[in-house]
Amino acid sequence: MKYSFKVIIALFVVLYAIITLLFFNFYRELAMKDARQEGIFILDTMNAIRDYISTVQRPLIEELKEKKMLVEDFFDPRLLSASYITREIYNIQLAKDTINYDYKLVATDPLNPEHKGNEFENDVLETLKEGKAKEFSKIIQENNKSYFFVGLPIRNSQESCLQCHTTTNAPKGMMEQYHHIPTFESKVGDVIAMLSLKIPVYSILTYHIKEFVVGGSVMFIVFVIFILFIYKIYRNEQRLQEKTNMLMMSQNRLASMGEMIGNISHQWRQPLAQVGSILINLELHSDKDKLTKEKLTQKIKEANEQLSFMSSTIDDFKNFFAPSTSKKEFSAQEVIYRAQKLLSASLEKYAIQVCTDIQNNFIRYGHSNEIVQVLINIMNNAKEAFLTHEIKERKIEITAFLQNGVPVITLENNAGCIDETVIDKIFDPYFTTKESSSGLGLYMSKMIIEKNSATIRVENSHDGVIFTIIF
């Protein structure tokens, strides 16, 4: 895939966290609206009771006063106070554990001390009185707990309200019961008090816990399905990439085999000529009857030495092409020497001098054949560059050393620089500047190096190129 699977999963996790947070906030806002609606319901109940008192009970009380059945200044909050009746209903519900909120009426300089607000509530009441807000809601902290606070204005809804809510008209029984505080006056439509409602945030959230859990579970399942789907695509692409790499590896190996066969022919040409010379020499001595036992033994020994060299050469190439099934320890000197030995005849043919400098013969653990293949690919590229530019003094310098404790192998040649416009592309698959090249050699070298927990980079020097392998 273009992007790492781990990065995609990380992005999905972040996205899931963001959506979960938004989902939580949605239900939080929904719960807050429920809390606000609860406050409006209480206020509506209080207003309905007040209207009932104004239209039904108060006329009945007035009728009883006219009949002298009640004194003129009669006042009983159980019959004439909407706030008292509402509060008693609340207390009954609270005793039955059917509600989870707390409310009270808040007024400025109230007759009833129970309606006196704290500093925060008085500030909210003033805001509502001044008409700066139609209602007020906020999350507050009280006694180390979070509450959702709702403040709703209470107004004089009709003329009958003024019978109690002005100093001049307030019943004597009411004044005696609550005592006279400062003078208070109001008119119809005025905000005379505020309904203060507090609901624990925890209770609000648990109110929608079922919906939140079900919705969150469905969302989690959808995300898991998405991730499994992406993982399946990732695995398919990974398998396809593995097959592509295997195909490229096979193509590169076939190209390497063609070059190696050429190297074998170069390495065998001289020993074969030597064996042929030995046979001709034996034939001449035999024709002249000068072939002694000592001479025959000497020539057979010389022939065996050449044949042993050829056998050793075949073993070297066989070991190189043997598949790397297991990792093992190898030294820098070992892989450099093997690569140089496999190419020795070809390099010698084209007068390419290889200088090795093993400053630190460090030990690595991995597939040595693969590292040898990379070194061969780089040296073969240098050989082709030498032939293209027709450079007379051809040199490849291979150095192994430790740089700040990090094992490094560099291969530097003087075969000319790479065009700066394409130097960043030379490790791309199928990229080549040569007509007869597959463009896979350096790409596969990069893949092999990364597979062996290393990196490879290239840069131009003053008269050539330096390849650096960092383990």
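In which loop does Ala-351 lie? In this predicted model, Ala-351 belongs to the loop that links helix H10 (344-349) to E6. Its backbone is a bit unusual to look at: phi of Ala-351 is near 55 degrees, so a positive value turns up in a residue other than glycine. With a relative accessibility of 52%, Ala-351 counts as exposed, because the cut-off for that label is over 50%.

Ser-453 makes a good companion case. Here, too, phi is positive, at about 60 degrees, and the residue is not a glycine. The loop in question runs between H12 and E10. Ser-453 has a relative accessibility of 57% and therefore counts as exposed.

Next comes the helix that leads into that second loop, and its packing partner. Two packed helices are described by the angle between their axes and the distance between those axes. For helix H11 (residues 368-389) and helix H12 (residues 441-451), the angle is about 150 degrees and the axes are 9 Å apart. Since angles over 145 degrees count as roughly antiparallel, that is how H11 and H12 are therefore classed. The crossing of H11 past H12 is left-handed. On the H11 side, the residues in contact are Glu-370, Ile-371, Gln-373, Val-374, Asn-377, Ile-378 and Asn-381. They meet Gly-441, Leu-442, Ser-445, Ile-448, Ile-449 and Lys-451 on the H12 side. Sorted by type, the residues of this contact come out as six nonpolar, five polar and two charged.

Then there is the question of the nonpolar interior. The largest nonpolar core holds 40 residues, and the members that touch the most others are Leu-375, Ile-396, Ile-398, Ile-409, Leu-411, Phe-467 and Ile-469. Helices and strands both feed into this core: two or more residues each come from helix H9 (332-342), H11 and H12, and likewise from strands E6 (352-358), E8 (394-403), E9 (406-413), E10 (455-460) and E11 (465-470). H11 supplies the largest share, nine residues.

Ile-409 shows what such a well-connected member looks like up close. Leaving aside residues up to four places away in sequence, Ile-409 touches Ala-332, Ile-336, Phe-362, Leu-375, Ile-398, Thr-399, Ala-400, Phe-467, Thr-468, Ile-469 and Phe-471. Several of these names are familiar from the list of top-connected core members, among them Leu-375, Ile-398, Phe-467 and Ile-469. A second core, separate from this one, has 27 residues, including Ala-35, Ile-42, Ile-49 and Ile-53.

Key: Residues numbered from 1 in each chain as written. Predicted model: local features only at pLDDT ≥ 70, side-chain atom pairs only at ≥ 80, totals over all residues. Heavy atoms only, no water. Axes fitted to C-alpha atoms, helices over the stretch in contact; angles between N-to-C directions. Helix = DSSP H or I, 4+ residues; strand = E, 2+ residues; numbered from the N terminus. Parallel < 35°, antiparallel > 145°, perpendicular 65-115°, else oblique. Left-handed = near helix turned anticlockwise from the far one by under 90°. Contact = heavy atoms within 4.5 Å. Nonpolar A, V, L, I, M, F, W, Y, C, P; charged D, E, K, R; others polar. Core = buried A, V, L, I, M, F, W, Y, C linked by side-chain atoms within 4.5 Å. Buried < 20%, exposed > 50% of the residue type's maximum accessible area, 1.4 Å probe, protein only.
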